[in-house]
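The report that follows describes a structure in terms of its overall form, its core, its hollow spaces and a few single residues. Please read it alongside the sequence and the coordinates shown here.

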Amino acid sequence: MADKVIDTNSITVVGKIITEKEFSHEMYGEGFYTFNLEVPRLSDYSDVLPVTISERLLINMDIKQGGYLVVEGQLRSYNRYVNGSNKLILTVFARDARIPETEEELNELLKRPNEIYLDGYICKTPVYRTTPFGREITDLLVAVNRPYNKSDYIPCIAWGRNARFCEKLKIGDHIKLWGRVQSREYQKRTSDGEVLNKIAFEVSISKLEYVKEDNNREKKQDL
């Protein structure tokens, strides 16, 4: 069962720890901690991603702010009740973690510091739009199944040719995708006029596969 989960939701990120770890919660007697990881892009920009890690992975490993860490696991979601409404929260859930042993190893890892693979189902009607600069974008919400009748709901964003294809996807369509997790700052105006700075997390899709034999379409299409 565990192997099946890994097969449908797998992420590897490499970055610098930029916050001290804080206790998050306990489940079945096992404690979990959270911290933020600054993951560089190939450009000069970096994504700041929340990581959740079990105390058992921290045994004999001294992780501290300013150090680099390799995290392998899953991108998970959960709902948090905030100000009278449910908010979707994303976190990188660590199944394994290690500190790079040498600077040479770290530099090699940083060539591909942010990779994710998801195998899931469209669970919300895709939204196609264009940016002020004319870039084509389609917003998706992908449900990835977990054991015990649980699912993770992952916001994803497709660009260009993939955006045009994803616009036509239907709820229930089965897709596989590869990409990276990105953080994006935005502003939200409250009902009393206050402007709040927010951070959204989403998967930026670089490659997409449409599972023809498991979908809700009458006509089969190739990407």
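A residue is called buried when its relative accessible area is under 20%, exposed when that area is over 50%, and partly exposed in between, with a 1.4 Å probe and protein chains only. Residues are numbered from 1 along each chain as its sequence is written, and side-chain values use heavy atoms, with hydrogens and water left out. This is a predicted model, in which local features need pLDDT of at least 70 and side-chain atom pairs count only at pLDDT 80 or more, whereas totals for chains, interfaces and linings use all residues.

**Overall form**

The chain has three helices and twelve strands, where helices (H or I, at least four residues) and strands (E, at least two) are DSSP runs numbered from the N terminus. Its radius of gyration is 18 Å, close to the 17 Å that the globule rule gives for 223 residues, so the chain is as compact as a globular protein of that length; the radius is taken over C-alpha atoms, and the rule is 2.2 Å times the number of residues to the power 0.38. Along the principal axes, the C-alpha atoms fill a box of roughly 55 × 50 × 40 Å. Of the 223 residues, 39% count as buried. Contact means heavy atoms within 4.5 Å, and among contacts with a separation of 6 or more, residues 24 or more positions apart account for 60%.

**Core**

In soluble globular proteins, nonpolar side chains tend to be buried together. A nonpolar core is here a set of buried Ala, Val, Leu, Ile, Met, Phe, Trp, Tyr and Cys residues joined through side-chain atoms within 4.5 Å. The largest such core has 39 residues, of which Leu-37, Leu-69, Cys-156, Leu-177 and Val-203 touch the most other members. Leaving aside neighbours within four places in sequence, Leu-37 is in contact with residues including Val-13, Ile-17, Val-48, Leu-69 and Val-71.

**Cavity and pocket**

On a 1 Å grid over the protein atoms alone, a cavity is a set of points where a 1.4 Å probe fits but cannot get out, while a pocket is an open set with protein on both sides within 12 Å along at least five of seven lines; lining residues have an atom within 4 Å of a point. The structure holds one cavity of 30 Å³ or more, and the largest cavity contains about 40 Å³ of space. Its lining includes Ile-17, Phe-35 and Ile-63. The second largest pocket has a volume of about 330 Å³ and is lined by 14 residues, of which Leu-42, Pro-113, Asn-114, Gly-179 and Arg-180 lie nearest its centre. Strand E12 gives the most to this lining, with three residues.

**Single residues**

The table lists four residues with their places and relative accessibility.

| Residue | Place | Relative accessibility |
|---|---|---|
| Ile-199 | strand E12 (residues 195–210) | 48%, partly exposed |
| Pro-132 | loop between E8 (127–130) and E9 (136–146) | 84%, exposed |
| Tyr-148 | loop between E9 and E10 (150–159) | 75%, exposed |
| Asn-149 | loop between E9 and E10 | 82%, exposed |

Tyr-148 has a positive phi near 60° although it is a residue other than glycine, and Asn-149, also not a glycine, has a positive phi of about 60°. Ile-199 and Arg-184 are 15 residues apart in sequence and 5.5 Å apart in space, C-alpha to C-alpha.

Conventions:
Grid points are joined across faces, edges and corners, and a volume is the space filled by probe spheres set on the points.
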